[in-house]
Amino acid sequence: MMRTRPLKVALLGCGVVGSEVARIMTTHADDLTARIGAPVELAGVAVRRPSKVREGIDPALVTTDATALLKRGDIDVAIEVIGGIEPARTLITTAFEHGISVVSANKALLAQDGAALHAAADQHGLDLYYEAAVAGAIPLVRPMRESLAGDKINRVMGIVNGTTNFILDKMDSTGAGYQEALDEATALGYAEADPTADVEGYDAAAKAAILAGIAFHTRVRLDDVYREGMTEVSSADFASAKRMGCTIKLLAILERAADGESVTARVHPAMIPLTHPLASVREAYNAVFVEAEAAGRLMFYGPGAGGSPTASAVLGDLVAVCRNKLAEATGPGESAYTQLPVSPMGDVVTRYHISLDVADKPGVLAQVATTFAEHGVSIDTVRQQGKDGEASLVVVTHRAPDAALSGTVEALRKLDTVRGVASIMRVEGE
């Protein structure tokens, strides 16, 4: 039987995503009512600038006092799309204290304080949903948390930032340099005026922490994720990648150790074979490749950012949370029963593509090969080109611990025949 009293929703933040959430709640009100089993009503919108015109939103709903909105006593669900750590953290905690379930798109906060927020939700018997925090419109959190709940996930590798994928795709397809591709991304609205969070990997690292926690049923914080940006990726790197039948992507890679006793989480640029499904992900799209024991290999693909795609994920969570409210139940909370440690990057086993500037004289290759051997790193292929006393040497290694590879690079820098290390990049997806 349909409930006639509406479920009341407080919208915290009304920027690009929040305004789309409000619009869809209004234009799809009848459909949302039918799917939930009760009407949903936008009861208030908390903003910083109340004078700004917000098309389709009743000005009477707008307030600058988010705390008062949450404390007024009739709110059922809060949607937090403010972003950042504060005041979002305090507002979410306030919502729980007043019996309000929360839908959030705040990756930074969840990566830093997810455990505490889950504990607060559990304490009050409420929901904390955050599909939109990881990959925009792509259904990923719920499939990993629910559909694969009976399986064992061993590896997750994905493109989880549309800005960086757009830039790298343009560098690959047009031969543009990094700055030129970044300028185009900025002009098209894919990159912020300050793109640091994207291009230095902070955004992807926050998402990696959230995904690792879900995949491996353990607590992974942002500080546990190894992070390396993509600002040093050059046209020469793409040329080398093409010679190997590869392209370059900024990847989030989460792995369970072979013995099952630890996990790793990392974000960095990597060469991947053109035959890998992630290599064909173009423009500002996201894709995540999940490897599970029983299900095998799964790929989730779609738009990973933007107002409408992110709002779609928020509204999906809203429907789920509202259904739970009507059933007087809660959905899945945090699952951290494995309590697995997060190993440092040095323990990760990977391959390297290393480009060296060396003296063009006899014995250089032998000296370089000896350095690799002394550090226990096996060489897969070597390519050497030389002219007028200078040469370039490109070495691709077999898989080895990252610490051994890093030690090799440091030793190479000390050789008198090595003029410099032009580039270093990991090779993944093989």
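Here, "buried" means that a residue has under 20% relative accessible area, while "exposed" means over 50%. Keep those two words in mind for the close-ups below, which all come from a predicted model.

**View 1. Helix H14 has buried residues on one side and exposed ones on the other.** This helix covers residues 364–374, and Val364, Val368, Thr371 and Phe372 are buried in it. These four sit on the same side of H14, because they cover an arc of only 100° around the axis. There's a simple rule behind such patterns: an α-helix has 3.6 residues a turn, so residues three or four places apart point the same way. Turn to the other side of H14 and you'll find Ala373 and Glu374, both exposed. Just past the end of H14 comes Gly376, with a positive phi of about 75°.

**View 2. Leu117 is a buried residue of the model.** You'll find Leu117 in helix H5. Its relative accessible area is 3%, and since the cut-off for buried is under 20%, Leu117 counts as buried. So who are its partners, leaving out residues up to four places away in sequence? Leu117 touches Ile92, Thr93, Phe96, Leu109, Leu110 and Leu128. Take Ile92 from that list: Leu117 and Ile92 are 25 residues apart in sequence, yet their C-alpha atoms are 7.9 Å apart in space.

**View 3. The second largest pocket holds about 410 Å³ of space.** How do you spot emptiness in a model full of atoms? Rolling a probe the size of a water molecule over the atoms shows where empty space is left. For this pocket, 24 residues form the lining, and His118, Tyr130, Gly213, Thr218 and Glu334 are the closest to its centre. Two elements, helix H5 (107–123) and helix H11 (202–216), each give two or more residues to the lining. The largest share is that of H5, with seven residues. As for chemistry, the lining residues split into eleven nonpolar, eight polar and five charged.

**View 4. Pro139 sits in a loop between two helices.** On one side of the loop is helix H6 (132–135), and on the other is helix H7 (141–147). Which residues does Pro139 contact, once its neighbours within four places in sequence are set aside? They are Glu131 and Phe300. One more residue to look for here is Gly316: Pro139 and Gly316 are 177 residues apart in sequence, but 9.3 Å apart in space, C-alpha to C-alpha.

Terms used:
Residues numbered from 1 in each chain as written. Predicted model: local features only at pLDDT ≥ 70, side-chain atom pairs only at ≥ 80, totals over all residues. Heavy atoms only, no water. Contact = heavy atoms within 4.5 Å. 1 Å grid on protein atoms, 1.4 Å probe; cavity = no way out; pocket = protein on both sides within 12 Å on 5 of 7 lines; lining within 4 Å. Points joined across faces, edges and corners; volume = space filled by probe spheres on them. Nonpolar A, V, L, I, M, F, W, Y, C, P; charged D, E, K, R; others polar. Buried < 20%, exposed > 50% of the residue type's maximum accessible area, 1.4 Å probe, protein only. Arc of directions from axis to C-beta.
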